[in-house]
Amino acid sequence: MEAAQEYLKEQNEFDDNDDPSSLPFNSPFRSTRLHIQRSNVCSRAYFVVVMVFFHVYILNVIALLLYVHYNNGPGDLVSGDGGSSAADSDNGKSLPHPAPSSRELHVEDYSQSFSLPRIEGIRVGHVQRVSLVPDKTHEMKTLSLKPLLFEIPGFLSEEECRVVVQLAQLKGLMDSQATASSQEQEESNQPLLSLSTEEVFSLLDLNQDGLLQKQEIVSHSHSQDGTWLSPDNLRQILTGLESCPTGMLTLGDFRHVYDVSQHPGQEKSGKLHSQFKQRSKHTWLFQGPGSHHVLRALRNRVTSLTRLPSALVELSEPLQVIRYEHGDFSNSHYDSSPSNSETTCAHTRLAGNTSALTEVPCRYLTVLFYLTSVEEGGESTFPVADNRTYEEQALVQDGGDLTDTQETCSRGNLRIKPTAGTVLLWYNHLSDGRGWMGELDEYSLHGDCPVRRGVKWVANSWINVDPDYQQQARYQRVVAQRHQAKSGMDYQSLSHSDLHQDL
């Protein structure tokens, strides 16, 4: 106790001393207090720096999320009233999808913007459960990832299959366009009128200046008389003109180009080995308002299955019904077409490229209905499904062409036997990564094996989309404006049959 009091007395003496030099060198209390003060200052500075960096990090994360949100999907599409609509980011996980609205679609529905959701395949053999009709669940099985292909058994009832076949028979079927032997193909390519090269040149030279310009060839293609030059001939001539340094063809240049256009087979070594051939009968059934209730129900079910906007489905092609009898087939082909500056989509021709030489089908996906079972043959074949790579040269193996279903159907990678009521769904195009339609999926090559016994009835439902989403939006606005003008201010519902009749 006395020692403590003595120590405190000494400490007080040190505090009263104004001369810092008189302090002892080792002063534990004094040095400890100074150490604590320095530590507090450093801690505060460190805390401020950390908090500044933390807030900057949070602000960057928020900015990134906002950027992704407002740049997801084709943001250039705008609705008809000038406002933007939210892109549907459904990627196939949200099953089941709600059934489409039963209300009729009106003009304003067709002028809205949208994105193109895709169903996820996960892996080959994966089964998803989908609810497409009340009180029933369907199983959707992934058959391949290249192309993205699904099978849904029991999609149609036996009664629905029977009604579609009967409606097609009542409508009447016509022979499908086909290409027969190479000799018949060569004969079909011959002009109906015998014209010399000089006469053809003179007919194309609209201003008679002795030179052929691109616009003259394009203008002729719009006449569509088809009596003395085929679209293939015109494409070959246009290709020759574009390769000319002057951008024009003299009569001498035209002679060489025209000879090549008359023998196009010599210039197509890189294309598929065989010409597309098929033998069948088909017809078209409209599914718009006023059509049979079974056809309307199937269109609504397709909308629910694909999760695409109803307006997009309504503006697509009618239902194609095909009958394959004994020996009938179709060689492997693509349902859609690659994008090209010299072509325009057939369904958006009103807002399309006016200088395009050819109209081509643009089909985002295919829904194939099996309306009957087949006793033998008639399988749907995907010759290159899930190949590691795609090369046209690989389609010819051991002297056989895999696109020739008459000869090599059994060698395809994937074959599906027709079963009444079953549906196949596959995407003809890849995604562009922004919620729209991308390049043609080369693995979607498919055909129909010859029917050996029985009769095969199928139906195709194609969803038409233009790869250029701005052009698709223009087309929808044109459709809406035309029908709005036709009906005044009364927004009546639109049917596909009316659209084709009017457009």
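In this predicted model, Cys409 is buried, with a relative accessible area of 10%, which falls under the 20% that marks the limit for a buried residue. Its bonding partner is Cys449, and the two sulfur atoms of this disulfide lie 1.4 Å apart. The pair ties together distant parts of the chain, 40 residues apart: Cys409 sits in the loop between helix 12 (405-408) and strand 16, while Cys449 sits in the loop between strand 20 and strand 21 (451-453). Cys449 is buried as well, because its relative accessible area is 2%.

How many disulfides does a search of the whole structure find? The search returns two. Besides the pair just described, a disulfide joins Cys345 to Cys362, with a distance of 2.0 Å from S to S. This bond also links distant parts of the chain: Cys345 belongs to strand 9 (residues 343-345), and Cys362, 17 residues away, to the loop between strand 10 (358-360) and strand 11. Is the disulfide of Cys345 and Cys362 left-handed or right-handed? The torsion about its S-S bond is about -85°, so the disulfide is left-handed. Cys345 and Cys362 are both buried. When the bonded cysteines of the protein chain are numbered in sequence order, the pairing reads 1-2, 3-4. Two further cysteines can be placed by their accessibility: Cys161 counts as buried at 4% relative accessibility, and Cys244 is buried with a relative accessible area of 16%.

Strand 16 and strand 20, mentioned above, take part in an open sheet of five strands. The order of the strands is 5-8-20-13-16, and the pairing is antiparallel. Which strands stand at the edges of the sheet? These are strand 5 (278-279) and strand 16 (414-416); each has a single partner strand, so one side of each is left without a neighbour in the sheet. Further along the order, strand 8 (residues 329-333) and strand 20 (residues 446-448) run antiparallel and are joined by two bridges. Here His333 has His446, in strand 20, as its bridge partner. Strand 8 is also the place of Asn331, a residue that counts as buried because its relative accessibility is 0%. The side chain of Asn331 reaches the backbone nitrogen of Thr405 at 3.3 Å.

A hairpin offers another example of strand pairing. Strand 18 (residues 429-431) and strand 19 (residues 437-440) run antiparallel and are joined by two bridges. One residue of interest here is Ser431, whose bridge partner in strand 19 is Met437. Five residues lie between the two strands of the hairpin, and in the turn Gly433 has a positive phi of about 85°.

Attention now turns to helix 4 (residues 158-171). How far apart should the ends of its 14 residues be? At 1.5 Å a residue, the helix should span 20 Å, and its end C-alpha atoms are indeed 20 Å apart, so expectation and model agree. The buried residues of helix 4 are Glu160, Cys161, Val163, Val164, Val165 and Ala168. Their cover includes strand 6 (281-285), helix 10 (293-306), strand 7 (319-324), strand 11 (363-370) and strand 22 (456-464).

Lys171 lies in helix 4 too, but with a relative accessible area of 48% this residue is partly exposed. Leaving aside residues up to four places away in sequence, Lys171 touches Thr283, Trp284 and Leu285. Lys171 and Thr283 are 112 residues apart in sequence, and yet their C-alpha atoms are 7.2 Å apart in space. Just after the helix, Gly172 takes a positive phi of about 95°.

A look at the whole chain completes the picture. The secondary structure of the protein chain comes to 14 helices and 22 strands. Of its 503 residues, 42% are buried. Among contacts between residues at least 6 apart in sequence, 78% join residues at least 24 apart. The accessible surface of the protein chain is about 27500 Å², and carbon and sulfur atoms account for 52% of this area.

Definitions and conventions: Residues are numbered from 1 along each chain as its sequence is written. This is a predicted model: local features need pLDDT of at least 70, side-chain atom pairs count only at pLDDT 80 or more; totals for chains, interfaces and linings use all residues. Side-chain values use heavy atoms; hydrogens and water are left out. Helices (H or I, at least four residues) and strands (E, at least two) are DSSP runs, numbered from the N terminus. The expected span of a helix is 1.5 Å times one less than its number of residues. Buried means under 20% relative accessible area, exposed over 50%, partly exposed in between (1.4 Å probe, protein chains only). Contact means heavy atoms within 4.5 Å. Accessible areas come from the Shrake-Rupley method with a 1.4 Å probe; for residues, only the protein chains shown count as cover. Two strands pair if DSSP finds at least two bridges between them. A disulfide is a pair of cysteine sulfur atoms within 2.5 Å. A polar contact is a pair of N or O atoms within 3.5 Å; within protein, one must be able to donate a hydrogen and the other to accept it, and residues adjacent in sequence count only if both atoms are side-chain atoms.
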